[in-house]
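Work through the exercises below with the structure open. Try each task before you read its solution.

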Amino acid sequence: MELFNSALGRNITFVRPAYFIVRAFVGIPNVKYYFIFLCVVFFISLVGNIIVMSAIILDHTLRTPKYMAIFNLALTDLLTSSTLVPNVIDMFLFNHTSISYNGCMAYLFFSFTFISVQFMNLVILSFDRLMAIVYPLHYHVKVTNKLMLSLIVFFWLFIIVLVLIAVGFLTRLSICGSVVIKSYFCDHGPIFHLACNDVTPSLVISLLFPVVILGLPLVFIVVSYCWIAYALAKISTLRESIKAFKTCSSHLLLVALNFLPTIFVYSYVGKIHPNARVINLSLTNIIPPMLDPIIYVLQTQEIRDSLKKFLRSRWMGKIATVN
């Protein structure tokens with residue numbers, strides 16, 4: 001506990017800069033094209049996630065526990081893209097790289113919260129698939145809207161508290177030297193490495209955070225699918241097993257898309273060029289929110305049917321109006 005006492009002392013004066021300078025993409029030729037690409041990604045993400053959310057809201061047949069989780073995933077993807085991409089473009093395309101101290105802490109809080117909740121959403125969807133396949137006869141009794149809402153609220157609160165603790169320890173640091181954050185946003189690691197007092201609490205959090213946000217969720221998902229595979233192995237025919245496993249295909253794609261690039265980037269964070277690290281990290285956080293709704297629209301029959309029904313009703317309404 002003594003390691004944390006210095007960061008929690010009440011009579012300590014902390015040196016806080018008026019602003020930080022976020023520095024990334026230095027010396028990259030034609031980097032403006034990358035920002036144009038981000039604009040396209042943001043637009044597709046915005047439209048795609050709004051379509052998925054609208055389909056779930058407008059179609060009462062989709063108001064089930066599974067689609068509550070999908071709605072939460074789409075909402076989180078929308079918030080993640082809206083938090084990261086416009087700020088990145090404003091900072092680096094229009095050269096507004098300075099950000100106030102309080103603004104930086106708020107930016108860090110919202111960015112880390114939304115990114116972290118994305119991984120928790122995949123845990124919730126994994127739980128839903130596990131219950132649907134292992135307990136098909138009792139699924140609607142065990143997995144209710146109330147249970148799903150409770151899981152969603154729990155994970156949101158859990159992540160918010162976790163990120164608040166991380167931000168709280170950052171505010172107990174004195175920034176005596178450089179104010180340059182070598183990342184594409186107000187990132188936790190680059191900020192606490194600027195401190196000139198004891199950074200042990202923030203260092204501990206930086207080591208625990210990936211375990212809690214990446215490691216444990218991935219372990220749960222792997223164990224869930226091992227359990228699902230065991231349950232499917234007991235089904236009498238291969239055709240029935242394949243049909244049941246197809247219901248997991250979109251979720252498995254999302255797991256691979258979200259977890260594998262993030263784990264790769266953090267595993268080689270100190271072994272690649274800073275510019276390559278920043279680009280890989282930015283793509284890891286920005287591309288999944290664009291692809292998630294595309295995967296669910298293409299892979300989920302219910303959402304496709306809902307969108308077709310909505311477009312058909314709109315088209316018929318226009319024809320009736322013209323006639």
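**Exercise 1.** In which helix is the place of Thr113? Decide also whether Thr113 is buried or exposed.

Solution. Start with the location: Thr113 sits in helix H4. The model is a predicted one. Next, take the relative accessible area of Thr113, which is 2%. The cut-off for buried is under 20%. Thr113 is therefore buried. Last, list its partners beyond four places in sequence: Thr113 touches Trp156, Ile159, Ile160 and Val163.

**Exercise 2.** Find which residues touch the most other members of the largest nonpolar core, and which helix gives the largest share of this core.

Solution. The largest nonpolar core has 96 residues. Those touching the most other members are Phe20, Phe25, Phe92, Tyr184, Cys186 and Ile191. Helix H4, residues 101-134, supplies the largest share of this core, with 21 residues. Now look at Tyr184. Setting aside neighbours within four places in sequence, its contacts include Phe25 and Phe92. Val22, Ala24, Leu84, Val88 and Met91 are also among them. So are Val278, Leu281, Ser282 and Asn285.

**Exercise 3.** Check the length of helix H10 against its expected span.

Solution. Helix H10 covers residues 249-267, which is 19 residues. The expected span is 1.5 Å times one less than the number of residues. That gives 27 Å for H10. The end C-alpha atoms of H10 are 26 Å apart, so the two values agree. Then mark the buried residues of H10: Ser250, His251, Leu254, Val255, Leu257, Asn258, Phe259, Thr262 and Val265. An α-helix has 3.6 residues a turn, so residues three or four places apart point the same way.

**Exercise 4.** Describe the surroundings of Ile56.

Solution. Ile56 belongs to helix H2, residues 31-58. Its relative accessibility is 6%, so Ile56 counts as buried. Beyond four places in sequence, Ile56 contacts Leu62, Arg63, Tyr67, Ile70 and Phe71. Now look further along the chain. Ile56 and Leu307 are 251 residues apart in sequence, yet their C-alpha atoms are 9.6 Å apart in space.

**Exercise 5.** Summarise the whole protein chain.

Solution. Count the elements: twelve helices and three strands. Take the burial: 46% of the 323 residues count as buried. Take the surface: about 17,000 Å² is exposed, and carbon and sulfur atoms supply 70% of it. Finish with charge: the chain has 23 positive and 11 negative side chains, and the centres of the two sets lie 4 Å apart.

Terms used: Residues are numbered from 1 along each chain as its sequence is written. This is a predicted model: local features need pLDDT of at least 70, side-chain atom pairs count only at pLDDT 80 or more; totals for chains, interfaces and linings use all residues. Side-chain values use heavy atoms; hydrogens and water are left out. Helices (H or I, at least four residues) and strands (E, at least two) are DSSP runs, numbered from the N terminus. Buried means under 20% relative accessible area, exposed over 50%, partly exposed in between (1.4 Å probe, protein chains only). Accessible areas come from the Shrake-Rupley method with a 1.4 Å probe; for residues, only the protein chains shown count as cover. Lys and Arg count as positive and Asp and Glu as negative; His and the chain ends are not counted. The place of a charge is taken as NZ of Lys, CZ of Arg, CG of Asp or CD of Glu. Contact means heavy atoms within 4.5 Å. A nonpolar core is a set of buried Ala, Val, Leu, Ile, Met, Phe, Trp, Tyr and Cys residues joined through side-chain atoms within 4.5 Å.
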